Amino acid sequence: MEYISNSEQQTIKIAYDIAGKLNNTDTVVLTGELGAGKTKFMYGIATFFNIQDKISSPTFTIVNEYNLDETINGINTIFHFDVYRIENSIDFIDSIGLEYFSNGLCILEWGENIKEILPKNTIFINILKDDTDENKRIIQVQRGEK
Ligand SMILES: Nc1ncnc2c1ncn2[C@@H]1O[C@H](COP(=O)(O)OP(=O)(O)OP(=O)(O)O)[C@@H](O)[C@H]1O
Ligand SMILES: [Mg+2]
């Protein structure tokens, strides 16, 4: 599936709509170069789950946990990861472990760093910038093997 976004607001809306289709133990990987819109996309997901005012960057903590006030589509807990500082799958297993993946909705920035250990049906979201239009993005969504 591919979406075209022409503004930050459209990206947030696309993310919001995709969030509404997610399940309990889904894993989502957000990819895109600097300034592509990963953080905006996360904001759209967070807005669907009504935690948009609580989220902060997991850059230093690697993972932030959010417990929802009410269960939404079977989802109680969201784990937001930034795997940038973790070089590979072995380091991830050593320092973070694999338990998160079966215990809530996991959203990973820089998840491609640990592609070997991502769950099989991981949803890959790739945000591509456009050379000619600074407000345009192509958002590719793909479930399963990348
Ligand atoms: N269609 C669009 N979708 C998303 N963001 C857009 C769009 N058009 C312009 N922007 C701008 O691009 C920037 C995206 O920033 P954002 O922080 O979400 O990127 P990022 O991928 O998280 O970058 P980083 O890797 O540096 O954290 C924002 O300044 C936003 O206003
Ligand atoms: Mg960001």
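This report describes the sheet, the nonpolar core, the ligand shell and two backbone features of a predicted model.

**The sheet**

The model contains an open sheet of 7 strands with mixed pairing, arranged in the order E1-E7-E6-E2-E5-E4-E3. Strand E1 (2-5) and strand E3 (63-72) occupy the edges; each has a single partner strand, so one side of each is left without a neighbour in the sheet. From one strand to the next, the twist averages 20°.

Three of the strand pairings are set out below, each with one pair of residues that stand opposite each other or are bridge partners.

| Strand pair | Sense | Bridges | Residue pair |
|---|---|---|---|
| E4 (residues 75-82) and E5 (residues 105-109) | parallel | 5 bridges | His-80 and Ile-107 |
| E2 and E6 | parallel | 4 bridges | Val-29 and Phe-124 |
| E6 and E7 (residues 137-143) | antiparallel | 7 bridges | Asn-126 and Gln-140 |

Strand E6 thus appears in two rows: E6 pairs with E2 in the parallel sense, and with E7 in the antiparallel sense. In a regular strand, side chains alternate between the two faces of the sheet.

**The nonpolar core**

The largest nonpolar core has 30 residues, and the members that touch the most others are Leu-30, Ile-45, Ile-107 and Ile-125. Two or more core residues come from each of helix H1 (8-19), strand E2 (27-31), helix H2 (38-48), E4, E5 and strand E6 (123-129). Ile-107, which stands opposite His-80 in the pairing of E4 with E5, is therefore placed both in the sheet and among these core residues.

The contacts of Leu-30 can be listed individually. Leaving aside residues up to four places away in sequence, Leu-30 touches Lys-38, Phe-41, Met-42, Ile-107, Leu-108, Glu-109 and Ile-125. Two of these, Ile-107 and Ile-125, are also named with Leu-30 among the core residues that touch the most other members.

**Helix H2**

Helix H2 contributes to the core, and its own burial can be followed residue by residue. Of its 11 residues, 8 are buried, so H2 is largely enclosed by the rest of the structure. The buried residues are Lys-38, Lys-40, Phe-41, Met-42, Gly-44, Ile-45, Ala-46 and Phe-48. Their cover includes H1, E2, E4, E5 and E6.

**The shell around ligand 1**

Ligand 1 is surrounded by 16 residues, of which Thr-11, Gly-37, Lys-38, Thr-39 and Lys-40 are the closest. Both H1 and H2 supply at least two residues of this shell. Divided by class, the shell has 10 polar, 4 charged and 2 nonpolar residues. Lys-38 is one of the closest residues to ligand 1, is buried within H2 and touches Leu-30. Lys-40, also among the closest, is likewise buried in H2.

**Two asparagines with positive phi**

Most residues other than glycine have a negative phi. Two asparagines depart from this pattern: Asn-50 has a positive phi of about 65°, and Asn-73 one of about 50°. Asn-50 follows H2 and belongs to the loop between H2 and E3. Asn-73 is found in the loop between E3 and E4.

How buried or exposed are these residues? Asn-50 has 13 other C-beta atoms within 10 Å and is partly exposed. Asn-73, with 13 C-beta neighbours inside 10 Å, also counts as partly exposed.

Conventions: Residues numbered from 1 in each chain as written. Chains lettered and ligands numbered in written order. Predicted model: local features only at pLDDT ≥ 70, side-chain atom pairs only at ≥ 80, totals over all residues. Pairing = 2+ DSSP bridges. Axes fitted to C-alpha atoms, helices over the stretch in contact; angles between N-to-C directions. Core = buried A, V, L, I, M, F, W, Y, C linked by C-beta atoms within 7 Å. Buried ≥ 20, exposed ≤ 12 C-beta atoms within 10 Å, placed from the backbone. Contact = placed C-beta atoms within 7 Å. Near = placed C-beta within 6 Å. Nonpolar A, V, L, I, M, F, W, Y, C, P; charged D, E, K, R; others polar.
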